[in-house]
Amino acid sequence: MFYRGGKYGDGGDGREQQLASKRQRLIDQQVQGHPSYFGASSASSLVYNASSYSSYTAQQQQQPPPPFPVVRLRGLPFDCAEPDVADFLHGLDIVDILFVHRGGRFTGEAFCVLGYPLQVDFALQRNRHNMGRRYVEVFRSKRQEYYKAIANQVSDVRGGGSPRQNVQNVHRARSYDDAKDSSEHTGVLRLRGLPFSAGKDDVLEFFKDFSLSSEDSIHMPVNMDGRPTGEAFVEFLNAEDSKNAMSKDRMTLGSRYIELFPSSHEELDEAMSRGR
């Protein structure tokens, strides 16, 4: 399909592509026969389909490749999450969202990879529209800029900031972990960071080494538009089982790191009621 083998233009060197390969595999999975994170869009009838590519003639294959479909957003609220970006770009097929951090802090910028080049023009129409009380700027971007942002994120996580920043980040992470460890367990865990295409069967597979009665033990909230929030709640047989399952914290589901938090039945009920 579109992303594999440099189908899109804009160049980009091999080093950046290698650094981005892990995230790129996720994108490949999403565009090759799988739904986008946010489901079918109202613009789907206006964009390319896979069958048209398979019937290219030799002359068509010699034409310049379409541009890589990515935009950059600036001015995002600092408590912004992926569902907020999805709502802001409502109706578009979102393949990936990369929030930009420097020194462990969110910059208010993000890169958003879309399903098709034509959708970039639709995204640009959202330029200077509001998200909450802030207006967000939307810019056309390139593959190299997206890959560079991924490479910078990897460097930052591995200690690319100043020694003082790294020490602060370590202390912050330890405090965060200590708070998780000291939380009371009720038999319910909250998952954050799920791929928006994930289903209950994926969560069951994630916890395959632990006792879950059935898919009825898994609850996946949606927002007011009926779209996934990237979170899930899992009910275990008892508090001890949920405490043991915390060993899966920050493990991967697909290519995404999943964060786990001790939760409660009250928090579960409240989350599920928001989308009703």
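## Strands S1, S4 and S5

Leucine 73 stands opposite valine 138 in S5. The model is predicted. S1 and S5 run antiparallel, and four bridges join them. S1 covers residues 70-74, and S5 covers residues 134-140.

S5 also pairs with strand S4, residues 129-131. That pairing is antiparallel too, over three bridges. Here asparagine 130 stands opposite tyrosine 135 in S5. S4 and S5 form a hairpin, with two residues between them. Glycine 132 sits in the turn and has a positive phi of about 65°.

## The S2-S3 hairpin

S2 and S3 run antiparallel, joined by seven bridges. Histidine 101 has phenylalanine 106 in S3 as its bridge partner. Two residues lie between the strands of this hairpin. One turn residue, glycine 103, has a positive phi of about 60°. Strands of a sheet pair through backbone hydrogen bonds, either parallel or antiparallel.

How much of S2 is buried? Seven of its nine residues are, which leaves the strand mostly covered. After S3 comes a loop that leads to H6, and glycine 115 lies in this loop. Glycine 115 has a relative accessible area of 6%, so this residue is buried. Leucine 92 is 23 residues away from glycine 115 along the chain. Even so, their C-alpha atoms are separated by 7.7 Å.

## The largest nonpolar core

Which residues have the most contacts inside the largest nonpolar core? They are Leu73, Leu76, Leu89, Phe99 and Cys112. The core has 21 residues. Six elements give two or more residues each: strand S1, helix H5 (82-88), strand S2 (94-102), strand S3 (105-114), helix H6 (119-124) and strand S5. S3 provides the largest share, four residues. In soluble globular proteins, nonpolar side chains tend to be buried together.

Leu73 ties this core to the strand pairing, as leucine 73 is the residue opposite valine 138 in S5. Phenylalanine 99 touches residues well along the chain on both sides of its own position, not counting those up to four places away in sequence: Leu76, Cys80, Ala81, Glu82, Val85, Phe106, Glu109, Ala110 and Gln153.

A second core is separate and has 16 residues. Among them are Leu194, Phe236, Leu253 and Ile258.

## Aromatic pairs and charges over rings

The whole structure holds eight aromatic pairs. One of them joins phenylalanine 99 and phenylalanine 106: the ring centres are 5.4 Å apart and the planes stand at 90°, so the pair is edge-to-face. Both residues are buried. Phenylalanine 206 and phenylalanine 207 pair as well, with centres 5.0 Å apart and planes at 80°, so they too are edge-to-face.

Is phenylalanine 206 buried or exposed? Its relative accessibility is 6%, so phenylalanine 206 counts as buried. Phenylalanine 207 is also buried, at 0% relative accessible area. Ring pairs link Phe206, Phe207, Phe210 and Phe236 into a cluster. Phe236 is also one of the residues of the second core.

Two arginines lie over ring faces. Arginine 126 lies over phenylalanine 88, at 4.8 Å from the ring centre. Arginine 190 lies over phenylalanine 261, at 4.4 Å from the ring centre.

## The five-stranded sheet

In what order do the strands of the open five-stranded sheet run? The order is S7-S8-S6-S10-S9, with antiparallel pairing. Strand S7 (218-219) and strand S9 (251-253) stand at the edges. Each has a single partner strand, so one side of each is left without a neighbour in the sheet.

S7 pairs with strand S8, residues 231-235, in the antiparallel sense over two bridges. Isoleucine 218 has valine 234 in S8 as its bridge partner.

## The chain as a whole

The chain has eleven helices and ten strands. Of its 276 residues, 42% are buried. The accessible surface comes to about 15,100 Å². Carbon and sulfur atoms account for 47% of that surface.

How do contacts spread along the sequence? Take those between residues at least 6 apart: 74% of them join residues at least 24 apart.

How values were computed:
Residues are numbered from 1 along each chain as its sequence is written. This is a predicted model: local features need pLDDT of at least 70, side-chain atom pairs count only at pLDDT 80 or more; totals for chains, interfaces and linings use all residues. Side-chain values use heavy atoms; hydrogens and water are left out. Buried means under 20% relative accessible area, exposed over 50%, partly exposed in between (1.4 Å probe, protein chains only). Contact means heavy atoms within 4.5 Å. Accessible areas come from the Shrake-Rupley method with a 1.4 Å probe; for residues, only the protein chains shown count as cover. Rings of Phe, Tyr and Trp (its six-membered ring) pair if their centres lie within 6.5 Å; planes under 30 degrees apart count as stacked, over 60 as edge-to-face and the rest as tilted. A charge sits over a ring if NZ of Lys or CZ of Arg is within 6 Å of the ring centre and within 35 degrees of the ring normal. A nonpolar core is a set of buried Ala, Val, Leu, Ile, Met, Phe, Trp, Tyr and Cys residues joined through side-chain atoms within 4.5 Å. Two strands pair if DSSP finds at least two bridges between them.
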